[in-house]
Amino acid sequence: MTTTIQSTRIFCIGRNYLDHVNELSNQRPAEPVIFMKPPTCLVKPGLPIQFPKHGQELQHEVEVVVQIGTAGYVKSVEEAKTFIAAITIGLDLTLRDVQSGLKQKGLPWEKAKAFENSAPIGDLLPYNDQIDLETISFGCRVNGQERQVGNTGNMLFSIPEILLAISTIWKFEIGDLIYTGTPAGVGSLNTGDEIEIYSDLTDSFSWRITD
Ligand code: MG
């Protein structure tokens with residue numbers, strides 16, 4: 001059973017796995033790093049992803065994604081799970097060369113993170129409390145070759161902690177999506193590549209990068 005994507009906001013968490021923080025020589029964050037993408041970035045499985053024209057180094061970041069089913073503010077870590085309606089995996093596609101330039105200048109990341117087709121997303125699976133959010137294995141392959149393997153048990157900030165942190169600033173709306181960060185192994189995508197993402201919770205989903 002799958003749920004339709006109906007979202008008006010996408011929250012993304014950066015630097016949430018220590019191995020990935022280290023591979024990009026970033027600082028370990030003291031609180032979740034939050035940025036956003038517009039919902040027009042979403043790409044359903046199997047649709048083509050056009051290589052963006054304003055950068056060279058397109059990188060994959062496979063992430064567990066949750067969707068909110070309750071409007072309001074999360075007031076505690078214990079309460080957070082009751083706000084989750086659905087779960088899946090997705091890609092936080094990133095133009096790393098563009099991001100590096102923006103970071104050096106202290107500028108916002110939208111050009112590097114929120115471009116067209118930058119949020120491929122798998123089919124949503126209804127969430128229930130039998131699903132353990134702290135033991136989800138997931139990963140991605142490019143042209144059949146393993147690139148990233150991760151487990152949500154290695155997050156610096158757990159999914160409930162992320163929801164609580166977002167709630168200190170924003171009031172959740174039904175349909176909000178949260179990309180929860182990527183493990184190590186981020187790497188380049190080129191025109192013609194096929195990227196497949198998978199987890200032990202969901203089906204696998206794939207996309208092709210086109211010219
Ligand atoms: Mg990411």
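Colleague: How many salt bridges does a search of the whole structure find?

Modeller: The search finds 7 salt bridges. Please note that this is a predicted model.

Colleague: What makes the contact between K37 and D92 a salt bridge?

Modeller: The side chains of K37 and D92 meet at 2.7 Å, N to O. A salt bridge requires a Lys or Arg side-chain nitrogen within 4 Å of a carboxyl oxygen of Asp or Glu, so the pair qualifies. K37 belongs to strand 2 (residues 33–37), whereas D92 lies in the loop between strand 7 and strand 8, 55 residues apart.

Colleague: Why is D92 called buried?

Modeller: D92 has 0% relative accessibility. Buried means under 20%, so D92 falls in that class. K37 is buried as well.

Colleague: What makes E61 and K113 a salt bridge?

Modeller: The closest N and O atoms of E61 and K113 are 3.3 Å apart, and the cut-off is 4 Å, so this pair also meets the definition. E61 is in the loop between strand 5 (58–60) and strand 6, and K113 is in helix 4 (residues 110–113), so the pair ties together parts that are 52 residues apart in sequence.

Colleague: Are E61 and K113 buried or exposed?

Modeller: E61 has a relative accessible area of 3% and is therefore buried. K113, with 4%, is buried too.

Colleague: Why are E146 and R141 called partly exposed?

Modeller: E146 stands at 41% relative accessibility and R141 at 23%. Partly exposed lies between the limits of 20% and 50%, so both residues belong there. Their side chains meet in a salt bridge of 3.9 Å, N to O, which is within the 4 Å cut-off. Elsewhere, salt bridges that share partners join K37, E61, D92, R96 and K113 into one network.

Colleague: How do you know that E61, E63 and D92 are donors of the magnesium ion?

Modeller: Their atoms, OE of E61, OE of E63 and OD of D92, lie 2.0 to 2.1 Å from the ion. The donor limit for this metal is 2.8 Å, so these atoms count as donors. In sequence the donor residues are spaced E-x1-E-x28-D. E63 lies in strand 6 and D92 in the loop between strand 7 and strand 8 (94–95), so that pair ties together parts 29 residues apart in sequence. E63 counts as buried, because its relative accessibility is 0%.

Colleague: What makes strand 6 and strand 7 a pair?

Modeller: Strand 6 (residues 62–68) and strand 7 are joined over 7 bridges in the antiparallel sense. Pairing needs at least two bridges, so the condition is met. Within this pairing, V66 has I87 as its bridge partner. Strand 7 (residues 84–91) is also mostly covered, with 7 of its 8 residues buried.

Colleague: How do you know that strand 7 also pairs with strand 10?

Modeller: Strand 7 and strand 10 (residues 125–126) run antiparallel and are joined by 2 bridges. The requirement is at least two, so they pair. A86 stands opposite P126 in strand 10.

Colleague: Why are strand 4 and strand 12 said to stand at the edges?

Modeller: An open sheet is formed by 5 strands in the order 4-16-15-11-12, with mixed pairing. Strand 4 (49–50) and strand 12 (145–151) each have a single partner strand, so one side of each is left without a neighbour in the sheet. Strand 12 is joined to strand 11 by 6 antiparallel bridges.

Technical notes: Residues are numbered from 1 along each chain as its sequence is written. This is a predicted model: local features need pLDDT of at least 70, side-chain atom pairs count only at pLDDT 80 or more; totals for chains, interfaces and linings use all residues. Side-chain values use heavy atoms; hydrogens and water are left out. Buried means under 20% relative accessible area, exposed over 50%, partly exposed in between (1.4 Å probe, protein chains only). Helices (H or I, at least four residues) and strands (E, at least two) are DSSP runs, numbered from the N terminus. Donors are N, O and S atoms within 2.8 Å of the metal (3.2 Å for Na, K and Ca); water is not among the atoms, so sites may look incomplete.
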